[in-house]
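Hello,

Here is the structure we spoke about, with the sequence alongside. My notes come after it.

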Amino acid sequence: GPNGSGKTTLLKTIAGILKPIEGRVKVKGKVSMAFQYPNYHFSARRVEKEVGWDLLEMFGLTHLSNRHPHALSGGEAKRVSIAKAFAGDIVLLDEPTAGQDYEFRSKLLRIARKTDKTVVIATHDLRLASMCDGVTELC
């Protein structure tokens with residue numbers, strides 16, 4: 001959906017950060033979210049402590065393991081944030097392809113498909129949406 005259509009609000013509601021106006025959201029499993037601006041949720045002094053070695057390997061980010069998360073480039077921080085989100089059973093990704101190349105977009109979807117996780121992506125990247133298993137458009 002376009003800017004302002006409620007994509008981030010929907011993810012935050014699923015994550016339990018926001019309460020729905022009506023009804024309730026019932027989610028089974030651990031929910032992890034990668035925000036559009038990744039530096040907002042980094043708290044460790046090293047990327048490996050933030051994410052864990054297995055996820056760094058899965059995403060090809062082991063070369064960043066000893067770096068401070070706030071010293072990463074914007075694209076690196078986004079990839080680390082996404083890798084961190086894959087620690088959950090339900091993975092919520094807010095604009096994951098912003099600042100990323102086509103190779104990462106494809107890698108992200110390959111990883112999402114090979115893991116046993118539910119992955120919900122909020123994006124206005126039509127190319128990414130066309131590669132997903134299902135699409136719901138917000139207007």
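Below is what I found, taken one element or residue at a time. Please keep in mind that this is a predicted model.

Helix α4

Helix α4 covers residues 74-85. Its 12 residues should span 16 Å at 1.5 Å a residue, and the C-alpha atoms at its ends are 17 Å apart, so the expected and computed lengths agree. Nine of those 12 residues are buried, and therefore α4 is largely enclosed by the rest of the structure. The buried ones are Gly75, Glu76, Ala77, Lys78, Val80, Ser81, Ile82, Ala83 and Ala85. They pack against two strands, β1 (31-34) and β2, and against three helices, α2 (47-51), α3 (53-59) and α5.

Gln100

Gln100 sits in the loop that runs between β2 (90-94) and α5 (102-114). Its relative accessible area is 11%, which is under the 20% cut-off, so Gln100 counts as buried. With neighbours up to four places away in sequence left aside, Gln100 is in contact with Gly75, Lys78 and Arg79. For Arg79 there is also a polar contact, side chain to side chain, at 2.8 Å from Gln100.

Asp125

Asp125 is in another loop, the one between β3 (118-122) and α6 (126-130). Is Asp125 buried or exposed? With a relative accessible area of 15%, Asp125 is buried, because the limit is 20%. The side chain of Asp125 has two polar partners to look at. One is the side chain of Thr97, with a polar contact of 2.7 Å. The other is the backbone nitrogen of Leu128, which the Asp125 side chain reaches at 3.0 Å. Residues up to four places away in sequence not counted, Asp125 touches Thr97 and Arg105. Thr97 thus appears on both counts, as a contact and as a polar partner.

Aromatic pairs

The count of aromatic pairs comes to two. One of them is formed by Tyr37 and Tyr40, with 6.0 Å from centre to centre and 55 degrees between the planes. Why is this pair tilted? The angle of 55 degrees is neither under 30, as stacked rings would need, nor over 60, as edge-to-face rings would need, so the pair counts as tilted. Tyr40 itself has a relative accessibility of 71%, which is over 50%, so Tyr40 is exposed.

If you open the model, α4 and the two loop residues are where I would begin.

Regards

Notes
Residues are numbered from 1 along each chain as its sequence is written. This is a predicted model: local features need pLDDT of at least 70, side-chain atom pairs count only at pLDDT 80 or more; totals for chains, interfaces and linings use all residues. Side-chain values use heavy atoms; hydrogens and water are left out. Helices (H or I, at least four residues) and strands (E, at least two) are DSSP runs, numbered from the N terminus. Buried means under 20% relative accessible area, exposed over 50%, partly exposed in between (1.4 Å probe, protein chains only). A polar contact is a pair of N or O atoms within 3.5 Å; within protein, one must be able to donate a hydrogen and the other to accept it, and residues adjacent in sequence count only if both atoms are side-chain atoms. Contact means heavy atoms within 4.5 Å. The expected span of a helix is 1.5 Å times one less than its number of residues. Rings of Phe, Tyr and Trp (its six-membered ring) pair if their centres lie within 6.5 Å; planes under 30 degrees apart count as stacked, over 60 as edge-to-face and the rest as tilted.
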